[in-house]
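Load the model, switch to a cartoon view, and keep a selection box at hand. The stops below go from one strand pair outward to the rest of the chain.

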Amino acid sequence: MKPILSFEISIVFDDKCPKPGFIPGFGFSALIFNHFTGEFSLFDTGGKSNVLIHNIKKFNVDISSIKHVIISHNHYDHARGLEGIIQINPSVNIYVPINDLKSFSRKFPNSRIHGISEMIEIEKNLVSSGQIKDFIPEQSVFLKTKENELIILVGCAHPGLEKFITKAQSIAKIKAIIGGFHGFRKLSYLEDIELIGACHCSRNINLFKKSFPGQFKRICLGDNYSF
Ligand SMILES: [Zn+2]
Ligand SMILES: [Zn+2]
């Protein structure tokens with residue numbers, strides 16, 4: 001039987017428009033609840049463990065119940081909070097771009113760290129884009145809804161957001177994209193996307209807002225979205 005909802009996404013690390021009680025910080029992290037599996041996953045971990053843990057607890061989620069952590073790329077504002085998660089939940093599965101596997105394994109020798117190269121389904125309907133090779137290798141996450149549409153979560157999109165969009169389009173229609181767009185401004189790639197949620201490091205938030213007034217969504221720390 002298909003669940004009524006597919007995914008819930010809670011923003012647990014960012015410095016944008018914090019909701020009361022949440023601690024802002026530079027970086028990005030989103031908590032994912034997968035209704036197909038009943039499991040929590042974390043996409044990126046922000047820049048500070050204690051801030052991340054505080055914000056996750058605000059959603060009444062037990063850190064030790066998180067099953068997977070997907071790290072988009074090896075920058076401190078996405079990876080540094082991992083340490084605190086591992087301390088509480090040492091058996092969590094961690095997925096990093098394959099080029100960063102050595103560096104993470106050295107830092108966390110007793111952890112379950114997997115290097116990602118190709119696109120792979122981590123658990124039902126939760127897919128890693130695979131590593132996009134670049135000066136800064138990066139992966140994003142594609143969440144496939146029961147309507148067979150994709151929600152993209154993206155860290156900084158250093159290799160170019162269009163590369164993640166093109167890859168996602170090869171498997172299904174994109175419904176929403178949330179995260180750091182960095183310097184991206186190739187607007188034509190965003191035209192058919194229902195929800196454009198540029199946050200974190202996105203430099204052109206005002207341009208997206210102006211160009212796509214009906215699709216642009218201001219993403220705030222402490223927000224929760226259901227799909
Ligand atoms: Zn970055
Ligand atoms: Zn970043």
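## Start at F40

Select F40 and find its bridge partner in β4, which is I66. The model is predicted. Now extend the selection to both strands: β3 covers residues 39-43, and it pairs with β4 in the parallel sense over four bridges. To get from β3 to β4, the chain passes through α1, and this β-α-β crossover is right-handed. Next colour β4, residues 66-70, by burial: four of its five residues are buried, so the strand is mostly covered.

## Across to β5

On its other pairing, β4 runs parallel to β5, with three bridges between them. Select V69 and look for I94, which stands opposite V69 in β5. Which residues does V69 touch beyond four places in sequence? They are L42, T45, L82, I85, V92 and I94.

Stay in β5 and pick N93, which belongs to this strand of residues 93-97. Is N93 buried or partly exposed? The count is 17 C-beta neighbours inside 10 Å, and 20 or more would be needed for a buried residue, so N93 counts as partly exposed. Draw a distance from N93 to K67: the C-alpha atoms are 6.3 Å apart, although 26 residues separate the two in sequence. Beyond four places in sequence, the contacts of N93 are K67, H68, R112 and H114.

## The seven-stranded sheet

Zoom out until the whole sheet is in view. It is an open sheet of seven strands with mixed pairing, in the order β6-β5-β4-β3-β2-β1-β13. The edges are β6 (112-116) and β13 (224-226); each has a single partner strand, so one side of each is left without a neighbour in the sheet. From one strand to the next, the twist averages 20°.

Go to the β13 edge. There, β1 (residues 7-13) pairs with β13 in the antiparallel sense over three bridges. Select I9 to see one of these pairs; its bridge partner in β13 is Y225.

## Helix α1

Now show α1, residues 49-57, which packs on the sheet and touches β1 and β2 (29-34). The direction of the helix makes about 140° with that of β1. Show side chains for V51, L52, I53, N55 and I56, which are buried in α1. To see what covers the buried residues of α1, add β1, β2 and α3 (82-88), which are included in that cover.

## The six-stranded sheet

Hide the first sheet and select the strands of another open sheet, ordered β7-β8-β9-β10-β11-β12, again with mixed pairing. At its edges are β7 (120-123) and β12 (195-199), each pairing on one side only. Ignoring direction, neighbouring strands of this sheet are turned by 25° against each other on average.

Begin at the β7 edge. β7 and β8 (residues 126-128) run antiparallel and are joined by three bridges. Select E121 and then V127, its bridge partner in β8. The hairpin of β7 and β8 has two residues between the strands; check N125 there, which takes a positive phi near 65°.

Move on to β10 (residues 149-154) and β11 (residues 173-180), which pair in the parallel sense over six bridges. One pair to pick out is I151 with A176, its bridge partner in β11. Add α5, residues 161-169: this helix lies across β9 (141-144), β10 and β11, and runs at about 155° to β10.

## The core and the whole chain

Show the nonpolar side chains as spheres. In soluble globular proteins, nonpolar side chains tend to be buried together. Here the largest nonpolar core has 63 residues, among which A30, V69 and I152 touch the most other members.

Finally, show everything. The protein chain has six helices and 13 strands. Its radius of gyration is 16 Å, close to the 17 Å of the globule rule for 227 residues, so the chain is as compact as a globular protein of that length. Along the principal axes, the C-alpha atoms fill a box of roughly 45 × 40 × 40 Å. Of the 227 residues, 47% count as buried. Among contacts between residues at least 6 apart in sequence, 54% join residues at least 24 apart.

Terms used. Residues numbered from 1 in each chain as written. Chains lettered and ligands numbered in written order. Predicted model: local features only at pLDDT ≥ 70, side-chain atom pairs only at ≥ 80, totals over all residues. Core = buried A, V, L, I, M, F, W, Y, C linked by C-beta atoms within 7 Å. Buried ≥ 20, exposed ≤ 12 C-beta atoms within 10 Å, placed from the backbone. Contact = placed C-beta atoms within 7 Å. Pairing = 2+ DSSP bridges. Axes fitted to C-alpha atoms, helices over the stretch in contact; angles between N-to-C directions. Right-handed = clockwise from strand over helix to strand, strands pointing away. Rg over C-alpha atoms; globule rule 2.2 N^0.38 Å.
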